[in-house]
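Let's take a walk through this model together, from a strand in its core to the pockets. Keep the structure open beside you as you read.

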Amino acid sequence: MSQSHPRISKAVIPAAGLGTRFLPATKATPKEMLPVVDKPAIQYVVEEAVAAGLDDVLMVTGRNKRPLEDHFDRNYELESALQKKGDADRLAKVQESSDLATMHYVRQGDPKGLGHAVLCAAPHVGDEPFAVLLGDDLIDPRDLLLQRMIDVQQQYGGSVIALMEVAPEQIHLYGSAAVEATADSDVVRISGLVEKPAPEDAPSNYAIIGRYVLDPAVFGILRTTEPGRGGEIQLTDALQQLAQDEKAGGPVHGVVFKGRRYDTGDRGDYLRAIVRLACEREDLGPDFRNWLRRYVTEEMQQR
């Protein structure tokens, strides 16, 4: 029988990572600010939270991440210059990021892992469920993954994580979930989680991707969670405890996602994301697709 649970209003976006896979570009520029077509990757993530009704956003940052705050703040000098030029279109684009949501920021300090980054959000979140969106994962706005996860959390309570089926040889790159079917075809009950297992040790090929809706009980567990894989405090380890002990904070469910996801933390996927999103833009798509066809044809003929 379905139940009603407190409505979620807050989103947490961990953004303290160093972005080493994109060096030297990220030596002085946060990886979250790398452009995907003409918007930084982080703006897509904030837009996703807002589209799901979460307009109270806490960003967990670190050193050299000030450009994130600047991007979502007003830039009066730039706005004034555009206004004087009568450039209404660009002015609207500049103002869009500062009007998206109520933004808050906290520094992680020491890079102790995703679990520690989430724990930094405890004073802001308080005693209510909340969403966590990782900045490396872009979900196509046509695929309402976060909204579906919020609905599942409203129905079952506890915590909900996003899952995606991957090839068995890729599961070592993700957390892996042991699952049980439910009455909903896209929802599973999670009985166990393992962070980046070897393929032969993985409980399934259901991989955790960067969206979570968490019960605040996770904070109490994270405070006592010892460093795990990589010497970091793993959110997966805390969720494993919740999955094994419902009394600690409700059940853990997974929403199996089969939509469009772009991993901008990987250089190849980052480039593919730019191509896909550019192709689908009304203002860029027609000309860009024509050029892309010609380019691919020429490349094939030369091989």
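**A strand and its neighbours, then two pockets**

Start at β4, where D56, L58 and V60 point one way while V57, M59 and T61 point the other way, and every one of these residues is buried. Keep in mind as you look that this is a predicted model. In a regular strand, side chains alternate between the two faces of the sheet. β4 covers residues 56-61, and with 6 of its 6 residues buried, the strand is mostly covered.

So who sits alongside it? Strand β1 (residues 10-14) pairs with β4 in the parallel sense, over 5 bridges. If you want a spot to anchor your eye, find P14, whose bridge partner in β4 is V60. Strand β5, residues 102-107, also pairs with β4 in the parallel sense, this time over 6 bridges. Here a handy marker is D56, which has T102 as its bridge partner in β5. D56 is also one of the buried residues we met at the start.

Now on to the pockets. The largest pocket has a volume of about 1400 Å³. Its lining takes in 44 residues, and the closest to the centre are R21, K31, L134, D136 and K196. Which elements each supply at least two residues of that lining? They are α5 (114-119), β11 (206-214), α9 (235-244), β13 (261-263) and α10 (267-280). β11 gives the most, with 4 residues. As for chemistry, the lining of this largest pocket is a mix of 16 nonpolar, 13 polar and 15 charged residues.

The second largest pocket comes in at about 700 Å³. It is lined by 30 residues, and if you look for its centre, K39, Y44, E47, P141 and L277 lie nearest. The elements that each put at least two residues into this lining are β3 (39-40), α1 (41-51), α4 (88-99), β7 (137-139), α7 (145-156) and α10. Of these, α1 has the largest share, 5 residues. By class, the lining of the second largest pocket splits into 14 nonpolar, 3 polar and 13 charged residues.

One last thing to trace is α10, which supplies at least two residues to the lining of the largest pocket and likewise at least two to that of the second largest. Follow this helix, residues 267-280, and you can pick out L277 among the residues nearest the centre of the second largest pocket.

Methods
Residues numbered from 1 in each chain as written. Predicted model: local features only at pLDDT ≥ 70, side-chain atom pairs only at ≥ 80, totals over all residues. Heavy atoms only, no water. 1 Å grid on protein atoms, 1.4 Å probe; cavity = no way out; pocket = protein on both sides within 12 Å on 5 of 7 lines; lining within 4 Å. Points joined across faces, edges and corners; volume = space filled by probe spheres on them. Nonpolar A, V, L, I, M, F, W, Y, C, P; charged D, E, K, R; others polar. Buried < 20%, exposed > 50% of the residue type's maximum accessible area, 1.4 Å probe, protein only. Pairing = 2+ DSSP bridges.
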